[in-house]
Amino acid sequence: MGGLSLALLLAVFLLDALTPNRLVFGILFAAPIALSGLTGSPATTRLFILLAVAGNVLAGVVNGLEGGWSSFDLANRVLSVLSALLVGFLTVRFREASTRAALLAAEEFRAGHERALRELTQAVSGPYDQAAFLERAAAALLAYAGADSVVLGAVSKAVLRAPYSAAERDGSVPGRLARPGQRLPTPFLARPAGSGLVWAVQGGDTLLARLPRPGDDDILMLMQAPAVNVEEVEQAVSVLRPLLERTRLLEELQENQSRLERHNSVIRELVYAFSHDLRTPLMANAMSMKNAIKGAYGPLPQEYLDTLHNGLDANAALLELAEKLLLVAKYEAGEPSPDPTVIDLRELTLGTVAQMEPLARERGVTLEPQLSGSLRVLGQRGELRRAIQNVLENALKFSPPGGTVRLALAALDGTAELQVSDEGPGLSAGTERQLYQRFRGRGPVPDLAGAAPPADLHGSGPGRSGLGRSGLGGTGLGLYLTQQVMAAHGGEVRYSRTQSARTVFSLTLPLLESA
């Protein structure tokens with residue numbers, strides 16, 4: 001088109017130069033300017049304006065040399081030059097306005113397309129299973145593409161199967177939707193070589209695409225009579241692919257979570273059954289052994305009495321284990337606790353210390369409670385007693401014979417803090433983070449071989465094994481339960497080591513009222 005404008009410019013120049021001035025052919029110089037503005041750039045149009053003006057002036061000079069000049073001829077020549085400049089100016093402005101309009105139209109189209117893709121994404125985003133995802137995706141694709149119908153379904157061995165969903169535009173031709181169980185023709189299954197994500201069949205009336213599902217059958221999309229081009233449908237498919245994969249992963253996670261919940265429920269029921277069923281025979285057995293020790297079955301040799309005492313200790317340890325398992329099952333299941341009551345923490349601690357005194361004497365350890373005035377907290381008495389008892393048992397277990405276990409209770413910044421310190425070896429490096437895990441605990445009990453034998457709890461003499469309520473074996477649940485109890489009461493348990501080589505466990509609880 002630029003060559004045509006240049007040829008027209010030369011023709012106008014020759015015609016103007018070879019004819020008299022009075023014929024005013026110079027006005028035709030506006031024609032190549034306007035023609036260049038239709039296809040060329042603004043710079044090209046400006047070049048033709050300069051050439052037209054130069055050609056017009058040159059043609060006027062040639063005419064003047066041959067036929068002379070008159071004022072009328074000069075006026076016509078000036079008018080023709082001005083007309084060329086005016087046409088050039090209007091052509092450039094028109095070209096610039098057309099370019100801006102085209103850019104605005106393209107931007108508007110792009111914005112509308114992006115908005116449609118966002119709406120498509122929002123329509124299928126959410127915690128859906130695959131069936132619900134395909135249902136929403138089919139409806140969203142129908143609205144996005146303006147198609148007559150959209151079908152989404154798994155394809156296996158050339159047969160359309162579930163999950164399946166379809167959407168139809170009102171007034172579309174009935175009977176065109178592919179249905180589950182329908183065998184699909186080969187062109188619907190194989191993507192032609194060189195095609196993109198989307199390919200056309202049936203003369204371009206039907207568009208198809210595959211949405212892969214790793215480890216499962218692909219989802220096939222069939223779109224009838226779309227109002228958009230293939231590239232736009234490919235963009236929609238590109239958006240749906242990762243969303244389908246996310247939906248599949250979410251569905252797998254939900255299935256795994258349901259499976260784990262079922263397994264956990266079975267385990268909790270087994271723990272409940274085991275704990276409840278264990279308590280009855282143990283309590284009956286303990287009652288029989290206590291009656292035998294009291295002489296209900298006549299006098300017994302000392303060896304038998306020692307055995308009965310050890311049996312009572314073992315029974316007590318098993319009953320304690322059953323209680324811990326029940327408490328673990330309760331916290332693991334997230335069962336709510338009964339309504340809390342107001343508890344005097346000092347009184348509760350002193351009561352627990354009194355219960356632990358026999359065990360301390362057996363271990364040869366001295367308990368030194370240093371408790372301040374009454375501190376009141378809100379909670380479950382039995383659970384808080386269990387937490388204090390666990391920490392005390394832990395301290396007695398790791399204290400050497402002749403050692404001391406100190407208890408200090410004080411109010412600190414709106415909390416009640418109970419500190420239990422012992423002279424045990426403390427934790428090895430790197431094990432503190434495992435301290436409150438189930439079946440982990442503080443670590444192995446220190447070797448007390450060669451130490452003086454502890455005093456006999458029941459006065460039965462050297463025949464006692466001392467392995468009953470002393471808890472040397474441990475269950476690995478004490479500190480775990482302590483942390484659970486404290487967290488349930490809005491408090492915490494902390495471990496520290498003092499400069500005087502004492503191990504300290506601190507229990508903190510929100511203070512209800514200090515006296």
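**Exercise 1. Compare the end-to-end reach of helix H9 with its expected span, and decide whether H9 is enclosed or open to the surroundings.**

Solution. Helix H9, residues 381-398, has 18 residues and reaches 26 Å from its first C-alpha to its last, which is close to the 26 Å expected at 1.5 Å a residue. These values, like those that follow, come from a predicted model. The next step is to count the covered residues, where buried means under 20% relative accessible area. In H9, 15 of the 18 residues are buried, so the helix is largely enclosed by the rest of the structure.

**Exercise 2. Carry out the length comparison for helix H4, and find what backbone feature follows this helix.**

Solution. Helix H4 runs over residues 71-124 and has 54 residues. From the first C-alpha of H4 to its last the reach is 79 Å, close to the 80 Å expected at 1.5 Å a residue. After H4 comes glycine 126, which has a positive phi, near 155 degrees.

**Exercise 3. Identify the residues of the nonpolar surface patch, and state which helix gives the most to it.**

Solution. The patch has an area of about 580 Å² and is made by Val57, Leu58, Val61, Leu65, Trp69 and Leu74. Helix H3, which spans residues 42-67, gives the most to this patch, with four residues. Leucine 58 can serve as an example, since its place is in helix H3. Its relative accessibility is 44%, and because partly exposed lies between under 20% and over 50%, leucine 58 counts as partly exposed.

A record can then be set beside the geometry. The unreviewed UniProt entry carries the annotation "transmembrane region" for residues 44-62. In the model the chain over residues 44-62 is 100% helix and 0% strand, with the end C-alpha atoms 27 Å apart.

**Exercise 4. Work out how strands S1, S2, S3, S4 and S5 pair, giving the sense and the number of bridges for each pair.**

Solution. Begin with strand S1, residues 149-156, which is joined by eight bridges to strand S2, residues 159-168, the two running antiparallel. One pair that fixes the register is serine 149 with its bridge partner in S2, glutamate 168. S1 is also joined to S5 by six bridges, again antiparallel, and here valine 150 has methionine 223 in S5 as its bridge partner.

Move next to S5, residues 219-224, which pairs with S4 in the antiparallel sense over six bridges. In this pairing threonine 206 stands opposite glutamine 224 of S5. Finally, strand S3, residues 198-201, pairs with S4 in the antiparallel sense over four bridges, and the bridge partner of valine 198 in S4 is alanine 209.

The cover of two of these strands completes the picture. Of the eight residues of S1, eight are buried, and in S4, residues 206-211, five of its six residues are buried. Valine 155 lies in S1 and is buried because its relative accessible area of 7% falls under the 20% limit. Valine 155 and glycine 181 are 26 residues apart in sequence, while their C-alpha atoms are 9.4 Å apart in space.

**Exercise 5. Locate the positive phi values at lysine 157, glutamine 202 and alanine 225, and the cis peptide bond before proline 163.**

Solution. First, lysine 157 has a phi near 55 degrees, which is a positive value in a residue other than glycine. Its place is in the loop between S1 and S2, a hairpin that has two residues between the strands. With a relative accessibility of 72%, over the 50% limit, lysine 157 therefore counts as exposed.

Second, glutamine 202 takes a positive phi near 55 degrees in the hairpin of S3 and S4, which has four residues between the strands.

Third, alanine 225 has a phi near 50 degrees, likewise a positive value in a residue other than glycine. Alanine 225 is found in the loop between S5 and helix H6, residues 230-293, and its relative accessibility of 23% means that it counts as partly exposed.

Last, the cis peptide bond joins alanine 162 and proline 163, with omega at about 0 degrees, and proline 163 belongs to strand S2.

Definitions and conventions
Residues are numbered from 1 along each chain as its sequence is written. This is a predicted model: local features need pLDDT of at least 70, side-chain atom pairs count only at pLDDT 80 or more; totals for chains, interfaces and linings use all residues. Side-chain values use heavy atoms; hydrogens and water are left out. Patches are made of residues with over 30% relative accessible area and no salt bridge: like charges are joined within 9 Å, nonpolar side chains (Val, Leu, Ile, Met, Phe, Trp, Tyr) within 5 Å. Accessible areas come from the Shrake-Rupley method with a 1.4 Å probe; for residues, only the protein chains shown count as cover. A salt bridge is a side-chain nitrogen of Lys or Arg within 4 Å of a carboxyl oxygen of Asp or Glu. Buried means under 20% relative accessible area, exposed over 50%, partly exposed in between (1.4 Å probe, protein chains only). Two strands pair if DSSP finds at least two bridges between them. UniProt positions are given in the numbering used here, feature names are shortened, and annotations may be inferred rather than shown by experiment. The expected span of a helix is 1.5 Å times one less than its number of residues.
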